[in-house]
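Trainee: Please take a close look with me at the second largest pocket, and tell me slowly what surrounds it.

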Amino acid sequence: MYKIQTLNKISAEGLSKFPRDDYEIASEIVNPDAILLRSADMHSMELPASVKAVARAGAGTNNIPIPALTEKGIVVFNTPGANANAVRELVLLALLMSSRPVLQATQWVKTLQGKGAEIAELAEKGKAQFIGPEIRGKTLGVIGLGAIGAMVANSASDLGMNVIGYDPYISVDAAWSLSRAVHKAETLDAILTKADYITIHVPQTPDTKGLINADRIKVMKNGVRIINLARGGLVVNADVLEGLDSGKIACFVSDFTDEELLKNDKVICLPHLGASTPEAEENCALMAVNQLRLFLETGAIINSVNFPKCKIDDPLPAKGTRLCIAHRNIPNMVGQITTILANASLNIEGMVNQNRGDLAYNIIDVETKVGSDVLNKLRTISDVITVRPIEA
């Protein structure tokens, strides 16, 4: 019986994919095998030694202490792309709201209550103060071309925008998904100097924190409109506010509220709505649950942010043991592991070894049962982090 602890409300559709005969799911549970969460902050949590994996039903993992969990051999999963359509649609809405002041117009129209027969004429006279440009034919700069950025770029191109994308780390899958109409920028400045609209879709890291700042705003076109639905720290709010006051920036749309931003009429603040659709929540939950099940039941790792992708196509050994071993990525580790198995007269049916930076992960199928004495010997190898046996 596997135990799953949830730290947030998780889509019931997703949780239903845990077989009830094999899984216990609760928000309060003793010695869980895995943690499933959305936005709960784990940085101050003390995790029991039983925890083998953490799955975030969403893409961002800023709320998870990844380095500390990696040191303990805990695999951290996220769900890239599961909420991409929800965010894509909100970006398109943000593009339109930043151009056409419909929010202000709606608020103004409400002031006409009580005017009776005069409303139509007053509305017609007052509409001139809410004129805004069309997005068709304008240039959109997309910073980051992952699942969301690529979808935004393609949709904006379909709407008649000239789209320029920048991502020095673009994946092969993302590159294949891009429309041919999307132009590739060689540098970030190539986007900043040409774009009428800029939308940001990169993770927040030490390298990207404060990506949009005073120096970068200086090279932008006058009247640029900026959209940030990715992470609040990617933008230096004080610098954006200066740009708004000077007229350099025409509008700023942020999915992250801030006291100073709320005071500015040229800012549209949203309460972190990017993935707030029932479809996105369900998709994220389904992906997270499937990843946890695959890992716990077979040892396979897909969409981990700290461990290498690793899977073996064969089913669990019918009469043997599957060993899942994490260790430091240094020479002779595999040799030490296989030597212990050979000395115990244990035959290896299949094996895969993958690494990611300083970390390596092995899936080893042994055709007979592996006893506790052998498991203990494997655990005593210097630089072995975790040893987990799985049996059919």
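Mentor: The lining of the second largest pocket takes at least three residues from each of two domains, domain 1 (1–78 + 277–307) and domain 3 (310–391), where the bounds come from an automatic or database domain assignment. Please keep in mind that this is a predicted model, in which local features need pLDDT of at least 70 and side-chain atom pairs count only at pLDDT 80 or more, while totals for chains, interfaces and linings use all residues. Residues are numbered from 1 along each chain as its sequence is written, and side-chain values use heavy atoms, with hydrogens and water left out.

A pocket here is an open set of points on a 1 Å grid over the protein atoms alone, where a 1.4 Å probe fits and protein lies on both sides within 12 Å along at least five of seven lines; a lining residue has an atom within 4 Å of a point. The space in this pocket is about 250 Å³, a volume filled by probe spheres set on grid points that are joined across faces, edges and corners.

In total 18 residues line the second largest pocket, and those nearest its centre are Val51, Lys52, Lys72, Gly73 and Thr386. Two or more lining residues come from each of strand 13 (321–328) and strand 16 (384–390), a strand being a DSSP run of E with at least two residues, numbered from the N terminus. Strand 16 gives the largest share of the lining, three residues.

By character, the lining has 12 nonpolar, three polar and three charged residues; Ala, Val, Leu, Ile, Met, Phe, Trp, Tyr, Cys and Pro count as nonpolar, Asp, Glu, Lys and Arg as charged, and the others, Gly among them, as polar.

Technical notes
Helix = DSSP H or I, 4+ residues; strand = E, 2+ residues; numbered from the N terminus.
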